[in-house]
Amino acid sequence: MKKFLLWGSGVVLLTICLIGGWSFRTKTTTSQPTAAKVQTHHKKKTTKPLTLTELKRHDTLAYSSIIYYAIKYGKIQRWQELSDFSLGWQVESYSSKSKYLVWPDQNIKDEAKQLAPNWFKLQGSTVTYHSFVVHSFQDDMTAKVSLTTIINRINREHAEAKVRQMPTRLTVIRHH
């Protein structure tokens with residue numbers, strides 16, 4: 001009988017240890033996150049919004065903003081000729097007239113400049129977009145917008161990072 005009690009208490013003790021170990025193991029493994037349970041929160045990389053002060057200090061960023069706005073939100077269809085971001089742009093600046101010709105392709109050569117380009121005039125904080133109407137004897141198509149409107153739209157659409165990359169694909173030729 002003594003052997004039976006000793007053996008029985010050993011079985012009970014072993015059972016308690018196994019159940020205790022199993023519950024301890026279950027608690028530790030469930031408290032550890034599994035790959036399926038882990039939710040990674042990717043923090044969206046934020047770019048600081050464009051400002052009027054910044055555009056006035058950095059002309060290539062201003063030109064990029066003006067071009068981007070014309071391509072994405074402008075009402076003059078011919079500005080779509082500039083929409084290949086991989087080619088970039090060439091801007092010819094005529095500072096005495098605040099006139100800026102915009103060509104598709106930052107490496108465009110003079111012999112490829114056959115058709116009148118799109119262009120804009122910058123007077124203070126007002127941009128006037130111009131586009132020659134092909135096969136027409138009419139005046140250029142024009143549209144006016146303020147730099148503030150351009151900046152606000154780009155920031156609202158979260159396109160400031162795209163615009164900040166554009167100057168790397170922008171060549172500026174200055175005529176005095």
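**Overall layout**

I counted the secondary structure and found five helices and six strands in the protein. The model is a predicted one. Reading along the sequence, I noted the order α-α-α-β-β-β-β-β-α-α-β. I then looked up burial: of the 176 residues in the protein, 32% are buried. I also checked how far apart in sequence the contacting residues are. Among contacts with a separation of 6 or more, 50% are between residues 24 or more positions apart.

**Helices α3 and α4**

I looked at how helix α3 (residues 59–72) meets helix α4 (residues 147–156). Their axes come within 10 Å and cross at roughly 75 degrees. I entered α3 as roughly perpendicular to α4, because angles of 65 to 115 degrees count as that. On the α3 side I listed Ser65, Ile66, Tyr68 and Tyr69 as making the contact. On the α4 side I listed Leu147, Thr149, Ile150, Arg153 and Ile154. Sorted by type, the residues of this contact are six nonpolar, two polar and one charged.

**Tyr63**

I stayed in helix α3 for Tyr63. Is Tyr63 buried or exposed? I read a relative accessible area of 4% for Tyr63, so I put it down as buried. Leaving out neighbours within four places in sequence, I found Tyr63 in contact with Val91, Ser93, Tyr100, Phe120, Leu170, Val172 and Arg174. I took the spacing for one of these, Phe120: Tyr63 and Phe120 are 57 residues apart in sequence, and their C-alpha atoms are 9.6 Å apart in space.

**Salt bridges**

I counted six salt bridges and wrote up some of them.

I started with Glu54, which pairs with Arg164; the closest N and O atoms are 2.6 Å apart. Glu54 sits in helix α2 (residues 52–57) and Arg164 in helix α5, so this pair ties together parts 110 residues apart in sequence. Glu54 is buried, at 13% relative accessible area. Arg164 is partly exposed, at 24%.

Next I checked Glu81, which forms a salt bridge with Arg78, with 3.0 Å between the closest N and O atoms. Glu81 is partly exposed at 43% relative accessible area, whereas Arg78 is buried at 12%.

I then looked up Asp110 and Lys113, a salt bridge with its closest N and O atoms 3.5 Å apart. Asp110 is exposed, with a relative accessible area of 60%, whereas Lys113 is buried at 15%. I followed the shared partners and found Glu92, Asp110 and Lys113 joined into one network.

**Glu160**

I went back to helix α5, residues 160–165, for Glu160. Which side chain of opposite charge is nearest to Glu160, and how far away is it? I found Arg164, 6.7 Å away. Glu160 is buried and has no salt bridge. The cut-off for a salt bridge is 4 Å between a side-chain nitrogen and a carboxyl oxygen. Arg164 is the residue I had already entered as the partner of Glu54.

I also listed what surrounds Glu160. Not counting residues up to four places away in sequence, Glu160 touches Thr47, Lys48, Pro49, Leu50, Ile154 and Asn155. I had met one of these before: Ile154 is also among the α4 residues in the contact with α3.

Definitions and conventions
Residues are numbered from 1 along each chain as its sequence is written. This is a predicted model: local features need pLDDT of at least 70, side-chain atom pairs count only at pLDDT 80 or more; totals for chains, interfaces and linings use all residues. Side-chain values use heavy atoms; hydrogens and water are left out. Helices (H or I, at least four residues) and strands (E, at least two) are DSSP runs, numbered from the N terminus. Buried means under 20% relative accessible area, exposed over 50%, partly exposed in between (1.4 Å probe, protein chains only). Lys and Arg count as positive and Asp and Glu as negative; His and the chain ends are not counted. Contact means heavy atoms within 4.5 Å. Axes are lines fitted to C-alpha atoms, for helices over the stretch in contact, and angles run from 0 to 180 degrees between N-to-C directions. Angles under 35 degrees count as roughly parallel, over 145 as roughly antiparallel, 65 to 115 as roughly perpendicular and the rest as oblique. Ala, Val, Leu, Ile, Met, Phe, Trp, Tyr, Cys and Pro count as nonpolar, Asp, Glu, Lys and Arg as charged, and the others, Gly among them, as polar.
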